[in-house]
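Please look over the sequence and the 3D structure shown below before reading on. The report after them is written for a reader who works with coordinates and wants each statement tied to particular residues.

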Amino acid sequence: SPGSRMTTPEEMFAFSLSDARLGILLVKGRKIQDTRPVAPSWAPLLTGEFQVTSCAPSRQYVFLGSRDGTLARWDTTTGETVAVETGCGRISKVVLLDESTASASAWPTPTPTLLALLSSSGTFAVLVVDGEGKFKTTKITWSTGVSSVGYASDVSFYSSDALMVRLREGGVSLLRIQGTEQ
């Protein structure tokens, strides 16, 4: 309609390069550009010691899993980096669900950022990223996930309150997420 402007669709892609460094591209409409992120404040990520095995972008943040099981959140606009050791071994997949990707949410408004993590051993967990960027556990931890349904070959969000787990034995299971552990 006259006077209204269409917004150009925008998407950020983060990917792990073959030498374990991270690449980030921004797609605006039909244009692709390098994001030129601010260097991370955390030395292992800056020097390349942190070897990226999986990643998921969300707005200016990139969530990164590593070979040694470390999970990092890097703010590409400020360089601030938060890292935690998960204790799970190699993180083979990071899946993100946040307010930009969640539809109808069972969570209080606004929808928190949720991360589903899958380790190469088949264990999995779901974490909440709070407003300060800190990671908090949910009911689905490395041990409770495997003890309730078995080892996973893949994980994805079914909804804002359910994780779909493809099991190594061939089945599929849905697990409720809501609620953080204290």
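What follows describes a sheet, one of its residues, a hairpin, and a loop residue.

The model is a predicted one, and the description of its strands begins with an open sheet of three strands, which follow one another in the order E12-E13-E14 with antiparallel pairing. Strand E12, residues 152-159, and strand E14, residues 172-176, each have a single partner strand and stand at the edges, so one side of each is left without a neighbour in the sheet. On average, and with direction ignored, neighbouring strands of this sheet are turned by 25 degrees against each other. Between E12 and strand E13, which covers residues 162-167, the antiparallel pairing runs over six bridges.

Asp154 belongs to strand E12, and the residue standing opposite Asp154 is Arg166 in E13. Is Asp154 buried, exposed or partly exposed? With a relative accessible area of 24%, Asp154 counts as partly exposed, because the range for that class lies between under 20% for buried and over 50% for exposed. When neighbours within four places in sequence are left aside, Asp154 is in contact with Lys93, Leu118, Met164, Val165 and Arg166, and with Lys93 there is also a polar contact of 2.5 Å between the two side chains. Thr123 is 31 residues from Asp154 in sequence, while their C-alpha atoms are 9.9 Å apart in space.

Another antiparallel pair is made by strand E2 (residues 22-28) and strand E3 (residues 31-34), which are joined over four bridges. Leu25 has Asp34 in E3 as its bridge partner. The hairpin of E2 and E3 has two residues between the strands, and in this hairpin Gly29 takes a positive phi near 60 degrees.

Thr86 is placed in the loop between strand E7 (81-85) and strand E8 (91-97). Its relative accessibility is 16%, and Thr86 therefore counts as buried. Apart from neighbours within four places in sequence, the residues in contact with Thr86 are Gly69, Leu71, Ile91, Leu117 and Trp142. Polar atoms of the Thr86 side chain also lie at short listed distances from backbone atoms, as the table gives them.

| Side chain | Backbone atom | Distance |
|---|---|---|
| Thr86 | oxygen of Gly69 | 2.5 Å |
| Thr86 | nitrogen of Cys88 | 3.3 Å |

Gly69 thus appears twice for this loop residue, among the contacts of Thr86 and as the owner of a backbone oxygen 2.5 Å from a polar atom of the Thr86 side chain.

Conventions: Residues numbered from 1 in each chain as written. Predicted model: local features only at pLDDT ≥ 70, side-chain atom pairs only at ≥ 80, totals over all residues. Heavy atoms only, no water. Pairing = 2+ DSSP bridges. Axes fitted to C-alpha atoms, helices over the stretch in contact; angles between N-to-C directions. Buried < 20%, exposed > 50% of the residue type's maximum accessible area, 1.4 Å probe, protein only. Polar contact = N/O pair within 3.5 Å; in protein donor to acceptor, adjacent residues only side chain to side chain. Contact = heavy atoms within 4.5 Å.
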